[in-house]
Each structure stands twice: as structure tokens, then as C-alpha cells.
Amino acid sequence: MGRYSIEQFVESTGQKGLGQGTFELERDRLLEVNLDGRVWTKRGSMVAYNGNIRFTREGVLEHGIGKLVKKAVTGEGFNLTKAEGKGKLYLADTGKKVIILELDGQSISVNGNDVLAFEETVQWDIKMMKRIAGFMSGGLFNVLLKGKGMVAITTHYDPLTLQVTKDRPVFTDPNATVAWSGNLQPDLRTDISLKTLVGRSSGESFQMAFTGEGFVVIQPYEEVYLSTSQS
């Protein structure tokens, strides 16, 4: 078998089947779901599957009126598809890296656009950051995931996790902030000196401020969620 033969290509790029559980990293940017039941996935994230799997769009009132109202207020960034059945399901999101986390009673808040999938045993809710909401330019909200089960989130490139302590708060660009531990409550910080530079708003004039004990996950990429066009 030659180095560049079709057989070699098929072997080197073929599905691995690591047998690591319901969620597996088939590639850095590709999630394999060994489905035997039901999972919730980001709408439009399915790239392939085999077996007997049925996909159903999230019902308008499937998760209650409270979540419907929150989704209406925060925008359309967090839309789910229910995958049910038995087989192998492959999910991806615009080439972003996939991170698998197993919750065992913990909670994590994730930018709604960065939630790829989670098991049905995981509880979720949309949390609005009231002080930040006034500066939204669409899509900036967070989803609280908690309980037991596997979740998959995505980042542009390799993420960095920063520890937050009582004597060392962390400040982040909202557009580069992916997730944080569920016990933290971010606040908005406005840097007046940056905002007034040369009579224009700086890209860093609005920051998320994390205080307490926990962690924050950031990515080396700014997704456009927060408007900083004010002067």
C-alpha cells in the first residue's frame, strides 16, 4: 500500500471508535456521539450519522414558557435539535475546537453560541446578565448547564482557563469569553480612559469582571456579540 494511495488515505482518516463513552472526540473539531437514547444538539451541527436516528427541532413550548421568554429576549443564538435513537452521530460547528466536559453535580455557564451538545440528564437554563444586557448587539447571553452528564462546548483555536480568586479577579473581553464556573456572577466594567481615547470607543472599553472563587475560559478570538460603538 503506497504512502499516498486511496487505501492509506481511508485508513489514516477513518473513524477510530475509541469506546470512551457517549461523547468522544473523534477529531479535535469533530464530536462523535454514541447515541442510545436522546441528546440535545446545537441546531445545524449534524454533519453525518449512521444507524437509526431521528432529529426533531425543539418545540416552541418544549422547555416551558419561562425559557421561551428568555430566548425571545436574548435572541435566537441558542436553538436546539433533539436527536433520538441508536447509532453514531457526528457534530461540528464551523471548524471550532470541541471540548468535552463531564458534570458530576457541578455547574458551568457557557456562551450560548458555544454550546454544541449535552446529554438529556443535564439541566439547563438561560441566564441574562442584566447589567451587560444594555450593551448587547445580539447573542450575548449565557446558558447554565448543571447536574450530571456530558456536555460539549466549542472554542475558536485553543482555549485558556484563568483561575479567579478572592484577591485576584479576572477581567475579560466579552467577545472572547467562552465559559466560566457556575458559581461566578460576571459584572460589567467600563474603562472610561480607553473609551475616550482619540474621541472614539476602544474595543476593550467594555469588560466582563469576575470576582470570587472559580475559573473563566477564554479563546484567542473575538466573536462579535457586544457592541462597543458608543463614543
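Student: Which strand order does the open sheet of 3 strands have?
Tutor: This is a predicted model. In it, the 3 strands of this open sheet pair in antiparallel fashion. Their order is β10-β13-β12.

Student: Which strands stand at the edges of that sheet, and why is one side of each left without a neighbour?
Tutor: Strands of a sheet pair through backbone hydrogen bonds. Here each edge strand has a single partner strand, so one side of each has no neighbour in the sheet. The edge strands are β10 (170-172) and β12 (187-190).

Student: What does the twist average from one strand to the next?
Tutor: The sheet has the order β10-β13-β12. Going from one strand to the next, the twist averages 35°.

Student: How many bridges join β10 to strand β13, and which residue in β13 stands opposite valine 170?
Tutor: Strand β13 covers residues 206-210 and runs antiparallel to β10. The number of bridges joining them is 3. Opposite valine 170 in β13 stands phenylalanine 210.

Student: How many helices and strands does the protein chain have?
Tutor: The protein chain has 231 residues, and buried residues make up 44% of them. Its secondary structure comes to 4 helices and 14 strands.

Student: What share of the contacts with a separation of 6 or more comes from residues 24 or more positions apart?
Tutor: Take the contacts in the protein chain with a separation of 6 or more. Residues 24 or more positions apart account for 77%.

Student: Which strand supplies the largest share of the largest nonpolar core?
Tutor: This core has 19 residues. Among its members, Phe78, Val110, Phe118, Trp124, Val143, Leu145 and Ala179 touch the most others. At least two residues each come from β5, β6 (115-119), β7 (122-127), β8 (142-155) and β11 (177-181). The largest share, 4 residues, comes from β8.

Student: How many residues are in the second, separate core?
Tutor: Its members include Leu89, Leu91, Leu116 and Ala117. This second core is separate and has 14 residues.

Student: Is valine 217 buried or exposed?
Tutor: Valine 217 is found in strand β14 (residues 214-218). Buried means under 20% relative accessible area. Valine 217 has 8%, so the residue is buried.

Student: What is the distance in space between valine 217 and threonine 177, C-alpha to C-alpha?
Tutor: Leave aside the neighbours within four places in sequence. Valine 217 is then in contact with residues including Thr177, Val178 and Ala179. Threonine 177 is 40 residues away in sequence. In space, C-alpha to C-alpha, the two are 6.3 Å apart.

Student: Which residues is alanine 179 in contact with, leaving aside its neighbours within four places in sequence?
Tutor: Alanine 179 is one of the core residues that touch the most other members. Its contacts are Ile108, Ser109, Val110, Ile153, Val216 and Val217.

Student: How many residues apart in sequence are the parts tied together by arginine 38 and glutamate 84?
Tutor: Their side chains meet in a salt bridge (3.0 Å, N to O). Arginine 38 lies in strand β2 (residues 30-42) and glutamate 84 in strand β4 (residues 80-91), so the pair ties together parts that are 46 residues apart.

Student: Is glutamate 84 buried or exposed?
Tutor: Its salt-bridge partner, arginine 38, is partly exposed at 32% relative accessibility. Glutamate 84 has a relative accessible area of 15%, so this residue is buried.

Student: Which residues are linked with Asp93 in a network of salt bridges?
Tutor: Lysine 42 meets aspartate 93 in a salt bridge (2.8 Å, N to O). Lysine 96 meets aspartate 93 too (3.9 Å, N to O). Lysine 42 and aspartate 93 are both buried, and lysine 96 is buried as well. The residues linked with Asp93 in the network are Lys42, Lys96, Asp114 and Glu223.

Student: How many salt bridges does the structure hold?
Tutor: The pair of arginine 38 and glutamate 84 is a salt bridge. So is the pair of lysine 42 and aspartate 93. The structure holds 12.

Student: What value is phi of threonine 94 near?
Tutor: Most residues other than glycine have a negative phi. Threonine 94 lies in the loop between β4 and β5, and is exposed at 69% relative accessibility. Its phi is positive, near 50°.

Conventions: Residues are numbered from 1 along each chain as its sequence is written. This is a predicted model: local features need pLDDT of at least 70, side-chain atom pairs count only at pLDDT 80 or more; totals for chains, interfaces and linings use all residues. Side-chain values use heavy atoms; hydrogens and water are left out. A salt bridge is a side-chain nitrogen of Lys or Arg within 4 Å of a carboxyl oxygen of Asp or Glu. Buried means under 20% relative accessible area, exposed over 50%, partly exposed in between (1.4 Å probe, protein chains only). A nonpolar core is a set of buried Ala, Val, Leu, Ile, Met, Phe, Trp, Tyr and Cys residues joined through side-chain atoms within 4.5 Å. Contact means heavy atoms within 4.5 Å. Two strands pair if DSSP finds at least two bridges between them. Axes are lines fitted to C-alpha atoms, for helices over the stretch in contact, and angles run from 0 to 180 degrees between N-to-C directions.
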